[in-house]
Structure formats: C-alpha cells, structure tokens
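Q: I'm new to this structure and would like a close look at just one part of it, please. Start with the ligand site, then work outward so I can see what surrounds it.

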Amino acid sequence: MIRLDGVTKQYPDGTVAVDDLSLTAPDRAITVLVGPSGCGKTTTLRMINRMIEPTSGSVTIDGQDVLAMDAAQLRRGIGYVIQHGGLFPHHTVERNVAAVPLLLGTAKKTAISRARELLELVGLDPALGRRYPSQLSGGQQQRVGVARALAADPPVMLMDEPFSAVDPVVREQLQDEFLRLQGELGKTIVMVTHDIDEAIKLGNHVAVLRVGGRIAQLARPHELLAHPADGFVADFLGRDRGYRALGFERASVPLHDEPTVALGSGVGDAAARAGSDGWVLVIDDRRHPQGWARPADLGDGVVDETSLALGGTLARVDGPLRAALDAALSSPSRRGVVVDGDGALAGTCRATEVLSVIEAQERPHDPGSATP
Ligand SMILES: Nc1ncnc2c1ncn2[C@@H]1O[C@H](COP(=O)(O)OP(=O)(O)OP(=O)(O)O)[C@@H](O)[C@H]1O
C-alpha cells in the first residue's frame, strides 16, 4: 500500500504544485490521478519514487518511509513508465528492457532472455528486441516501456500518461492489454492521466485533482459518475455521464431467439429466414455472429462477407447494460446481438427492453450532482 500523508510540494519559485495531499493507493489495484493540466499529477507521482522531494508530509510504501530510503535503490524497486516509453535510444529494445535487472547485477544472458519473455508478455514479437527504439512504432515503444518497468518484477508501478502518445485505436488496444496484464500480475499501480475516460476505464480508484494540488474527489469510477462531489468534478467528467455510468451496471436483459443463416447460404434461404424488416443475422459454423444482411438487396447467389452491412457492436451476456444498449442502437436491424463467453450467439436484445431493465435498477439519490 502506498500512502501519502499531508504531502506538500512548493517549488523554489513559490509555486505550490501539491497542497497537503493525503491519499492511499491500495495493494494490487490501479489508482489513477486525473485532473486538468498543471494540477500537480506528475509532481505527486514523482514524490512517490523521490524523483521530486516533498516540502513536507510523508510518503510510505508498505509502512516504510520512502524519505528514509536510499533514493536510487528505491527507484530501482519501483517500475516507472512514462510517455513515449522513455527508452534509451542507443540501446537495443531488449537491452532497454533488461536495463534494471542488469543494474541490479543479473547476469546478461539471464536478463536478455527474461527481456524476450517480457516482450512477448506485452504482446510484442521478441524478434523486435534486436531493433533500436526509433525503429518501432509509438504503440510498440509504449509496450516496451511497460515491459521495461516490469523487468525487475516490482510490486509497485508508477505510470505517467503511459498511453497518451499514440492514436486512439492503438491507445484502446494498449489499455485493454494493460488491463489483461494487470489481471494476471496484480501490481500496485499509481497512474497519471489527463483523460477522464482513461481514468474511468483503468482505475479501480480515481482521484480527481484540482489546480493547486488538492483532491476534489477520490472514488471508484462508478461512484464518480453517479455522485460527482461538486460542479468542478461534474464538469471534468463531462457529458453523457448517465450513459457512461451504464458501463458499470450489469443485469441480464431479455434475450430473443434470432433466426440466422450460415455464411455461404443461398440468398433465397436467407430471404425466407429474414424478419419482417428484411434483416437476417449471418453466423459462421461456430455460431459466431458475422453481421446482418438484407437479402432483398442482394440479387441472386450466396450470402458472403461482401453481403454484410457494417455496424452493430456485440454485447456479452454478462456484460454491462451500456454494451447491451449500444448493441441494439448500433445494429442495422435495431436488434442488439448478444454473445456468450465463447463469442457464440446467445440471442438478440431490444433497446426498449434494455431501458426497462435500466429503469427497474435501483437508482441511488444523487445529492452531490451540480448538473441538472
Ligand atoms: N520545477 C518546477 N518549478 C516550478 N514550478 C513547477 C516545476 N515543475 C512543475 N511546476 C508547476 O507545478 C504545477 C504542477 O505541475 P505538474 O507537472 O505536477 O502538473 P500536471 O498535473 O502533471 O500537469 P500536466 O497534465 O500539464 O502534465 C504547475 O503549475 C507547474 O507549472
């Protein structure tokens, strides 16, 4: 557990970046610090590994005062990931990943073979290990940054905007893989981001800071969305709060049997199976949904990949209500496709019925909300 107690940082020019901040980051959880530019997120993070010394207050890790520890030794025991990966440009990728174990005295052969395993763990081809950082894409460099931070198997990781230097699609992939990895590794993580959506997606706990380095609210993501403490937090959370909160609400929605046709079926067969609106759901031989087709638009021949209409997200039977609603709203037929844990068709859902489930959910009173 990482604990900050009454921590203040005043820079020599008088700027108070962090003001009497107290915060606990529990073990094996992701605690996210989020807030507008200049609110003291990076300063707070760097006071944990003493890259910045607090002016007052205390920082402990598992009860040990970090200010009483040797700073270099402390830093070697904490994984640190920054934007762009922060890699050494003149070292190969695998040498970058092996950097801390080598510093700690691990034999070169062991450290490099471990580096290759770690590259694989973060979803990279170990062959990339022979390249130099500049020969990798931004997303690959970020992954190397994560692999490097994991190399000494530290229980604690600090991450400063680790996914912000890449485009939104790669960013989402990196976030998903990071969550999968954390599910396996269970590190104690403090992460900084200015992106509230990233905070809500990744954080087990989210601390919203306001400029001047004070906590406006510390809560679990769904609590934050449901009960923003004040107008500042509500504004920072932004639009669609109610809709986004559905991402954390799970309940089963009524499922309907949906007539299907197999990929490769004749258009005549497909027409016979289509609903009154003309749409039919196309599945493969494992009953995995492939998309919707409207046989009336297809002429003769068979239903193949080119016959499928784009659009329509898939919801999981045990997934959040937001996914079920989105599946219905984004489907060309307006029937949301719901799949089981293996990705096979479980049935379809209707938006109105998902809304009825939402209305039936107990909605807690929301006294802190500043937005009507
Ligand atoms: N070395 C320094 N000397 C003086 N002021 C500083 C120094 N470093 C940071 N600051 C100031 O401290 C405040 C907090 O900075 P910090 O970098 O911690 O914010 P941040 O929330 O991480 O911002 P961003 O999201 O823009 O990276 C800012 O007002 C910044 O200008």
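**The ligand site and its surroundings**

A: Let's begin right at the ligand: 13 residues sit around it, and Tyr11, Ala17, Ser37, Thr42 and Thr43 come nearest. Keep in mind that this is a predicted model, so everything here is computed from that prediction. Sorted by class, the shell around the ligand holds three nonpolar residues, eight polar ones and two charged ones. Helix 1, residues 41-48, gives the most to that shell, with three residues.

UniProt, in an unreviewed entry, places a feature called "domain: ABC transporter" at residues 2-237. That span is 38% helix and 25% strand, and its end C-alpha atoms lie 26 Å apart.

Now for a sheet in the early part of the chain. Four strands form an open, antiparallel sheet in the order 2-1-4-5. Strand 2 and strand 5 (64-65) stand at the edges with a single partner strand each, so one side of each has no neighbour in the sheet. Further in, strand 1 (residues 2-10) and strand 4 (residues 56-61) run antiparallel and are joined by five bridges. If you want to find that pairing on screen, look for Thr8, which stands opposite Ser56 in strand 4. As a bit of background, strands of a sheet pair through backbone hydrogen bonds, either parallel or antiparallel.

One residue of strand 2 deserves a pause. Asp20 is located in strand 2, residues 16-25, and has a positive phi of about 55 degrees although it is not a glycine. How buried or exposed is Asp20? Asp20 counts as partly exposed because it has 14 C-beta neighbours inside 10 Å, and a buried residue would need 20 or more.

Strand 8 (residues 188-193) makes a nice contrast: six of its six residues are buried, so the strand is mostly covered. In a regular strand the side chains alternate between the two faces of the sheet. You can follow this in strand 8, where Thr188, Val190 and Val192 point one way, Ile189, Met191 and Thr193 point the other way, and all are buried. Strand 8 also has parallel partners. One is strand 3 (residues 30-34), which pairs with strand 8 over five bridges; there, Val34 has Thr193 as its bridge partner. Another is strand 7, which runs parallel to strand 8 and is joined to it by five bridges as well. In that pairing, Asp160 is matched with Val192 of strand 8.

Just before strand 7 comes a loop worth a glance. Asp153 lies in the loop between helix 6 (138-150) and strand 7 (156-160). Asp153 has a positive phi of about 50 degrees, again without being a glycine. With 13 other C-beta atoms within 10 Å, Asp153 is partly exposed.

For a spot out in the open, try Lys109 in helix 5 (residues 108-121). Lys109 counts as exposed because just 8 other C-beta atoms lie within 10 Å, and 12 or fewer is the limit for that label. Lys109 and Ala251 are 142 residues apart in sequence, and their C-alpha atoms are 51 Å apart in space.

Further along the chain there's another sheet, an open one with three strands in the order 14-15-16 and mixed pairing. Strand 14 (314-316) and strand 16 (345-350) are its edge strands, pairing on one side only. Neighbouring strands in this sheet are turned by 40 degrees against each other on average, ignoring direction. Helix 13 (residues 321-330) packs on this sheet, touching strands 14, 15 and 16, and its direction makes about 135 degrees with that of strand 15. Seven of the 10 residues of helix 13 are buried, so the helix is largely enclosed by the rest of the structure. Leu321, Leu325 and Asp326 are among those buried residues. Their cover includes strand 14, strand 15, strand 16 and helix 14 (351-360). Strand 15 (residues 335-339) and strand 16 run antiparallel and share five bridges, with Arg335 opposite Arg350.

Finally, step back. The protein has 14 helices and 16 strands, and its C-alpha trace spans about 75 × 55 × 30 Å along the principal axes. Of its 372 residues, 38% are buried.

How values were computed: Residues numbered from 1 in each chain as written. Predicted model: local features only at pLDDT ≥ 70, side-chain atom pairs only at ≥ 80, totals over all residues. UniProt positions renumbered as here; feature names shortened; annotations may be inferred. Helix = DSSP H or I, 4+ residues; strand = E, 2+ residues; numbered from the N terminus. Near = placed C-beta within 6 Å. Nonpolar A, V, L, I, M, F, W, Y, C, P; charged D, E, K, R; others polar. Pairing = 2+ DSSP bridges. Axes fitted to C-alpha atoms, helices over the stretch in contact; angles between N-to-C directions. Contact = placed C-beta atoms within 7 Å.
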